Amino acid sequence: MTQLRLPCVVEVGCGSGWNAEVLARLGEEPVRYVGIDYSPSMLAVARRAYPEHRFAQAEASRLPLRDGAADILVSGGVLMHLLDYRDAIRESRRVARRWCIFHTVPVMMRRKTTLLEKRAYGSPTIEVIFNETEVRRLFEEVGLRVRHVLPNIDYDLEDILGERTVTKTFLCEVDG
Ligand SMILES: C[S@@+](CC[C@H](N)C(=O)[O-])C[C@H]1O[C@@H](n2cnc3c(N)ncnc32)[C@H](O)[C@@H]1O
């Protein structure tokens, strides 16, 4: 329950837009969903699958939306792919009016935030594994208060990083 009437939910890194369906099926109240992704092919799939929703092409760090346009901004498993993750966190905060959800963030406790490279979405892609204390500090610095942290899918890179990694979802409330 969001306790918001017909909230506007913006998902950044929406991919095929399937979270629109998740929200519609699981939520008790209807939402206005807007999906944003930088990939034209992902957006083509999303528009075909969910013609009733709006989708736009943009970079996570430069959203074509006014301040506070989203009641709830969902950063949909995209933070890990952004070299400019600091800008993207700031931009998420700018666009979120009430809540910001950073979904599926890979974290570890001891190592500093570390960049890896892999091939995904048809091209070389970076993957950021965050030091949890550091990413929480970045949220706080832009005015996002971490209210809940939920465990997410298994993603253990101990073989590569020498330390167990997991993914978490951070539910943050916009300050003030
Ligand atoms: C792991 S998928 C997540 C898809 C969906 N949100 C989910 O939860 O299943 C990450 C998505 O982020 C998009 N993406 C990657 N880098 C991006 C960027 N710089 N700006 C916007 N979207 C980006 C990719 O195209 C991909 O659709």
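Select the ligand to begin: in this predicted model, where local features need pLDDT of at least 70, side-chain atom pairs count only at pLDDT 80 or more, and totals for chains, interfaces and linings use all residues, the ligand sits in the second largest pocket. A pocket here is an open set of points on a 1 Å grid over the protein atoms alone, where a 1.4 Å probe fits, with protein on both sides within 12 Å along at least five of seven lines, and a molecule sits in it if more than half of its atoms lie within 2 Å of its grid points. Residues are numbered from 1 along each chain as its sequence is written, and side-chain values use heavy atoms, with hydrogens and water left out.

Next, show the 19 residues around the ligand (a heavy atom within 4 Å), of which Glu11, Gly13, Trp18, Asp37 and Glu59 come nearest.

Now turn to the polar contacts, pairs of N or O atoms within 3.5 Å. The side chain of Trp18 places an N or O atom 2.8 Å from a ligand oxygen, the side chain of Asn19 has one at 3.3 Å from a ligand oxygen, and a polar backbone atom of Ala60 lies 3.0 Å from a ligand nitrogen. Taken alone, the ligand exposes 600 Å² (Shrake-Rupley method, 1.4 Å probe), and the protein buries 87% of that.

Finally, select the cysteines: the structure holds zero disulfides, a disulfide being a pair of cysteine sulfur atoms within 2.5 Å. For Cys14, the nearest cysteine sulfur, that of Cys8, is 13 Å away, while for Cys172 the nearest, that of Cys100, is 6.3 Å away.

Definitions and conventions. Polar contact = N/O pair within 3.5 Å; in protein donor to acceptor, adjacent residues only side chain to side chain. 1 Å grid on protein atoms, 1.4 Å probe; cavity = no way out; pocket = protein on both sides within 12 Å on 5 of 7 lines; lining within 4 Å.
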